[in-house]
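Visitor: I would like a close look at a single part of this model, please. Could you take me through the sheet of one chain and then on to where that chain meets its partner?

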Number of protein chains: 2
Amino acid sequence: MELVQRNTCFAGEQRIYQLDSSSLKTATKFGIFLPEVALQGQACPALFYLAGLTCTEETFAIKAHAQRLAAQLGLILISPDTSPRGEQVAQGDHWDIGQGAGFYINATEQPWAEHYQMERFLTEELYSLVQAEFPVQKGAIGIFGHSMGGHGALTLALKHPDLFKSVSAFAPICAPSQCPWGEKAFSQYLGSDRQQWLSHDATALVQTKGALFKAILIDQGIDDQFYSQLNPMLFQQACEQVGQPLELREHAGYDHGYYFIQSFMDDHLQFHAVQLQTAVH
Amino acid sequence: MELVQRNTCFAGEQRIYQLDSSSLKTATKFGIFLPEVALQGQACPALFYLAGLTCTEETFAIKAHAQRLAAQLGLILISPDTSPRGEQVAQGDHWDIGQGAGFYINATEQPWAEHYQMERFLTEELYSLVQAEFPVQKGAIGIFGHSMGGHGALTLALKHPDLFKSVSAFAPICAPSQCPWGEKAFSQYLGSDRQQWLSHDATALVQTKGALFKAILIDQGIDDQFYSQLNPMLFQQACEQVGQPLELREHAGYDHGYYFIQSFMDDHLQFHAVQLQTAVH
């Protein structure tokens with residue numbers, strides 16, 4: 001693990017690291033915000049933030065405006081890249097597939113399976129690494145994300161509730177099996193058997209897994225230009241069916257971008273801080 | 001004036017406009033954040049933010065993390081581009097001159113004089129335009145900026161105290177006549193007569209103009225990689241000589257970038273809100 005960038009920020013540090021990933025079989029980068037108390041060695045709760053299509057490990061740190069409150073709350077923020085990258089890694093034909101569009105799953109199909117193992121990378125390799133290298137409070141790890149990364153946060157939390165004790169999302173792709181982005185990605189990464197897709201679809205997963213979390217928070221802009229890809233109502237209905245508490249907030253005027261995300265970032269950090277405190281104590 | 005982007009943000013709107021500028025003799029863009037109360041028509045104090053070398057009208061909105069508190073304080077934030085741009089506009093040989101590096105002055109030399117009239121554009125054209133088009137509270141306009149834009153903020157405030165009632169800066173170029181960036185830009189834009197440079201040099205200007213402001217706030221990172229270009233001590237000495245109150249805060253660990261700026265943004269917005277309230281009432 002090599003430190004490639006470090007900037008003091010709100011008395012903590014915003015860093016970028018690079019590592020050779022065994023899961024992804026390529027070099028990959030992640031961002032991490034360490035609040036001042038973490039730099040002093042105090043164990044802190046940590047959040048993984050999964051970004052959306054076309055984003056990188058830097059997007060969150062620059063655009064999401066999370067460091068101010070994370071510094072106050074003493075939260076570590078981890079922001080991985082959205083896919084494996086590099087010349088030897090398969091490219092997609094468009095920005096909604098391939099590099100920048102890993103969908104946080106393990107691909108089984110060619111040409112993707114060799115490198116596109118984002119679920120394994122996140123839940124095994126990076127999850128272990130940050131616990132070994134940074135003062136992460138045991139058991140106090142949550143996950144959130146945006147759009148494709150909202151799908152990633154919801155599905156990884158539902159698949160791995162032992163790893164992630166709190167979960168929230170901004171404008172997540174709630175039912176990828178039922179929208180063009182998801183259908184394209186899943187058919188290429190996972191193949192044509194739609195039954196396989198359901199174990200990576202938040203709406204289907206919550207029906208199978210039942211109520212795993214005391215609360216889930218989702219913020220959604222009503223003027224989101226990609227609303228038809230997101231299907232928050234399907235996820236809400238599925239949560240209601242199994243008794244999974246969900247706070248789905250819809251906001252007039254807001255669109256899909258980071259001006260929307262920054263507007264509600266503080267609420268998500270507060271939400272995770274409370275959920276993680278409850279989970280640990 | 002054409003609206004080219006609009007995003008709801010903290011119940012207000014972050015917008016980008018384009019206009020054909022008579023001063024710059026080319027199209028130019030500016031960003032503006034309108035808090036919710038401004039959208040409702042209430043007159044609000046306004047701040048011009050001048051960005052640094054290589055930046056555009058978008059940099060501030062994305063990276064400076066100012067909208068949350070501006071929304072709370074009811075501040076309008078205006079972020080112009082850093083130079084004229086376009087195919088017909090002279091290019092520089094490097095990122096420290098020409099497009100992206102207008103230095104907020106009126107060029108007198110060739111090939112710059114035709115388009116590089118940033119001081120006139122800001123203090124006449126854009127200043128009038130925002131007052132005509134948006135609910136700006138009369139007399140309640142301040143200015144701040146970063147690096148080259150910190151130079152711009154300090155010098156435009158000292159040259160036009162009738163226009164700008166409050167001024168602050170992040171890591172400003174305090175004495176451009178005495179640093180490589182300034183010497184290169186001023187010799188190209190203004191010619192070789194160094195006497196002419198002094199009317200665009202904050203350290204020289206404050207000595208001429210005397211104490212014009214009740215307070216000036218400057219934040220400076222001690223680990224700023226461009227510290228040798230900035231000379232905050234020269235400006236501090238000049239302020240002391242003429243009795244201009246200055247709060248120069250130096251911060252260990254912080255560098256020249258937006259992770260530094262975002263860390264102290266709230267302090268600057270609070271500073272301007274107080275100064276402008278005092279100036280108006």
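Guide: Let's start in the middle of things, with B:Leu47, which stands opposite B:Leu77 in E5(B). This is a predicted model, so please read every value here as computed from predicted coordinates. The two leucines sit where strand E4 (residues 44-50) and strand E5 (residues 76-80) of chain B pair in the parallel sense, over three bridges. In general, strands of a sheet pair through backbone hydrogen bonds, and they can do this either parallel or antiparallel.

Now step back to the whole sheet. It is an open one of nine strands in chain B, and reading across it gives the order E1-E2-E3-E5-E4-E6-E7-E8-E9, with mixed pairing. Strand E1 (2-9) and strand E9 (247-251) of chain B are the edges: each has a single partner strand, so one side of each is left without a neighbour in the sheet. From one strand to the next, the twist averages 20°.

Helices come next. Helix H4 (residues 118-133) of chain B lies across E4 and E5, and also across strand E2 (12-21), strand E3 (26-34) and strand E6 (136-146) of that chain. The direction of H4 runs at about 130° to E2(B). Helix H9 (residues 232-242) of chain B packs on the sheet as well, touching strand E8 (217-221) and E9 of chain B. Between the directions of H9 and E9(B) the angle is about 155°.

That brings us to the partner. Chain B can be laid on chain A by a turn of 180° with a shift of 0.0 Å along the axis, giving an RMSD of 0.0 Å. This is the relation of a two-fold axis. The same surface serves both copies, as 100% of the contact residues of chain B recur in chain A.

At the interface, 22 residues of chain B are in contact with 22 residues of chain A. About 1900 Å² is buried between the two chains, and carbon and sulfur atoms give 51% of that area. On the chain B side, B:Thr8, B:Phe10 and B:Tyr259 lose the most area to chain A, together 34% of what that side buries. As for polar links, there are 13 residue pairs in polar contact between chain B and chain A, counting pairs with both residues at pLDDT 80 or more, while the rule finds zero salt bridges across the interface. The edge strand E1 returns here: E1, helix H2 (59-63), helix H3 (67-73) and helix H10 (258-280) of chain B each supply at least two residues of the side that touches chain A.

Definitions and conventions. Residues are numbered from 1 along each chain as its sequence is written. Chains are lettered from A and ligands numbered from 1 in the order in which they are written. This is a predicted model: local features need pLDDT of at least 70, side-chain atom pairs count only at pLDDT 80 or more; totals for chains, interfaces and linings use all residues. Side-chain values use heavy atoms; hydrogens and water are left out. Two strands pair if DSSP finds at least two bridges between them. Helices (H or I, at least four residues) and strands (E, at least two) are DSSP runs, numbered from the N terminus. Axes are lines fitted to C-alpha atoms, for helices over the stretch in contact, and angles run from 0 to 180 degrees between N-to-C directions. Contact means heavy atoms within 4.5 Å. Copies are superposed by least squares on the C-alpha atoms of residues with pLDDT of at least 70 in both. Buried area is the accessible area (1.4 Å probe) that two parts lose on being put together, summed over both. A salt bridge is a side-chain nitrogen of Lys or Arg within 4 Å of a carboxyl oxygen of Asp or Glu. A polar contact is a pair of N or O atoms within 3.5 Å; within protein, one must be able to donate a hydrogen and the other to accept it, and residues adjacent in sequence count only if both atoms are side-chain atoms.
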